[in-house]
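Let's take a walk through this protein together, starting from the inside and working outwards. Keep the viewer open as you read.

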Amino acid sequence: MKEKQKKRSSKNLKVHTRIVLSSVLAIIIPLLIILLFSTIFYRMLPSYFNLSAVTTNTYSAVNQLQWSQTLSGLSNELTEDIDETQKKKNVAAFVNPIEDLGSLICIEYGGEIFYATKGSDEIRAKAAKLAPGNDQKNLNYFGSDGLLIINHIQKDENSPKYKIIIINDNYIVNDASQKIGISDLTKLLLGRTGLIVLVIVMLFVTAISIISFITTQTIVKPIKEISHGADEIARGNLDYEIKYKSTNELGKTVESFNEMKCKLRDLIERQQKAEEERKILVAGIAHDLRTPLTCVKGYAEGLADGIADTPEKQKKYVKTICESISNTEKILDDLLTVSKLQLSGYELNKTDVSVNEFFGDGAEEIRMILEREDFDFCYENKCDAGTYIFIDIDRFSRVINNIISNSIKYKRTDIKGRVDIAIDEYERSVIIEISDNGIGVENSSLTKIFDAMYRTDPARTQVSQGSGLGLAVCKQIVELHSGSIWARNSKGGGLSIFISLPKQQFFDKDLDFKTIDQEKEEVKNE
């Protein structure tokens, strides 16, 4: 679990932080690798370059280190707590390799000769010649006229000092002013120095490769995924989703990109649906207008041809013509209303309205209309007196009237018609239910009855019963009020239309549509 959290935390680093981190790592990683290599090299240095003993009489940095290591080893032999005879044997064995190189060694202890390669006087004389008057100080002299090392060692403050004199007349120091030849350069590059340089170069190459890999995985890879996603969308693949989750800039970019893709896909789908609805609307309007116009034409021709030869027939023909024209006007009026409501700049004349007053007054008018049609009516309002909604009174009244008109048009002939209006309030919304005991609709048509030009009569022969735009107008108006409308068949037969509207105090604020939808679903599931 902790590893996943660490991985998620590193993945969410900001791009700026990643770049700064990469720059820091570009410095730290090579230094750490060089430090590690140097530590290993330092531990391996004595054995790799054989620093435990002098191997040549030619001066170099390695040769100087060899002499330093030799003096250190000789000092350890001289200060060791063993008897003098054994110590002399150990010293003789230790200095034997450098004596084989032509070096002369004289060791004094308390002013007396402790060990000497040859006569001590000869060694002292040569030392005095190379460095006159300096035999009481430590000295490391590497020159073209020979090598001279003088070192003083004391085991502790109370013991006498050891004085070590090492001299070599055959020591060689190359002239630094001489030009390096091609063969010398080749030896340098192919030798140990070239190997060290090669190792350092490889360390830097390795460090840069590691940093480049980290940068590629954390920055370049997501950018490539975004680029690939853009190419997929450009090819029309709107189902493609970039799978990169992070809270940094790249993650937010990917999130915005996926959201943009979804909105683009939804927009295209809405445009395709709108285009399909437009085609259906045009076809439906053309069909519905053709029916009353054909009727007007037929009866007008009948009047002109004298078919209606009695006052009663003429009156009947004229009445039929007037009804057909009225139906045509209603279709065109509904079409004009739908067109206006679909305009992006269309605005409603909204005002704060008390639910009890608006529906209380409207209920009396509805009761009178239904009584003329021989309908029973029941009105129930469970809202508090202080419950308000923000609506356009005229437009919303048309919604209620359209629904009531549909209940009257689609009543059953075998029973007396009935309409019930029930209003209830929830935390953030008011829900109105208008139900009847009419013929209802098929369950498959419940979601389609709010589409423009949809009628349960597929042949569209009953034009006089409506254009199929009434509920489409209701849906447009309700949605302009930030509400929603849906339908379901009543348990006892007939159809129930539900309208959900936000309360006035929540309308101008950030609506919690999730809460409102939950309230709507609660009503649906009752």
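Leaving aside its neighbours within four places in sequence, which residues is F359 in contact with? This is a predicted model, and in it F359 touches Y379, I389, F396, I400, I423 and I432 once those sequence neighbours are set aside. That puts us in the largest nonpolar core, a set of 39 residues. Within this core, the residues with the most contacts are F359, F396, I432 and I499. Apart from it there is another core, this one of 20 residues, with L71, L74, I149 and I164 among them. As a rule of thumb, nonpolar side chains in soluble globular proteins tend to be buried together.

Now pick up I499 and follow its strand. I499 is one of the residues of β12 that point one way, along with L495, I497 and L501. On the other side you'll find S496, F498, S500 and P502, and both sets are buried. In other words, strand β12, residues 495-502, is mostly covered: eight of its eight residues are buried.

What does β12 pair with? One partner is strand β10 (residues 429-436), which runs antiparallel to β12 over seven bridges. To get your bearings there, look for S435, which stands opposite S496 of β12. Another partner is strand β11 (residues 484-489), also antiparallel to β12 and joined by six bridges. Here the handy marker is S484, which stands opposite S500. β11 and β12 make a hairpin with five residues between them, and in that turn G493 has a positive phi of about 100°.

G493 also leads us to a polar residue. N437, in the loop between β10 and α12 (470-480), has G493 and G494 among its contacts beyond four places in sequence. The others are R412, I415, K416, G417 and R418. Is N437 buried or exposed? Its relative accessibility is 16%, and the cut-off for buried is under 20%, so N437 counts as buried. Its side chain has polar company, too: a polar atom there lies 2.9 Å from the backbone oxygen of K416, and the backbone nitrogen of R418 is likewise 2.9 Å from a polar atom of the N437 side chain.

While we're on loops, keep an eye on backbone angles. Most residues other than glycine have a negative phi. D374 goes against that habit, with a positive phi of about 60° although it is not a glycine. You'll find D374 in the loop between α10 (355-372) and β7. S482 is another non-glycine residue with a positive phi of about 60°, and its place is in the loop between α12 and β11. S482 has 28% relative accessibility, so it counts as partly exposed.

Finally, how far can you trust what you see? The chain averages a pLDDT of 77, and 76% of the residues score at least 70. Among the elements, strand β7 (residues 375-381) has the highest mean, 93, while helix α14 (residues 513-524) has the lowest, 52. Over residues 457-466 the pLDDT is below 50, though the model gives this stretch 19 contacts beyond near neighbours in sequence. Residues 509-516 also stay under 50, with 11 contacts beyond four places in sequence. Where pLDDT is low, the predicted coordinates should not be read in detail.

Technical notes:
Residues numbered from 1 in each chain as written. Predicted model: local features only at pLDDT ≥ 70, side-chain atom pairs only at ≥ 80, totals over all residues. Heavy atoms only, no water. Core = buried A, V, L, I, M, F, W, Y, C linked by side-chain atoms within 4.5 Å. Buried < 20%, exposed > 50% of the residue type's maximum accessible area, 1.4 Å probe, protein only. Contact = heavy atoms within 4.5 Å. pLDDT = per-residue confidence, 0-100. Helix = DSSP H or I, 4+ residues; strand = E, 2+ residues; numbered from the N terminus. Pairing = 2+ DSSP bridges. Polar contact = N/O pair within 3.5 Å; in protein donor to acceptor, adjacent residues only side chain to side chain.
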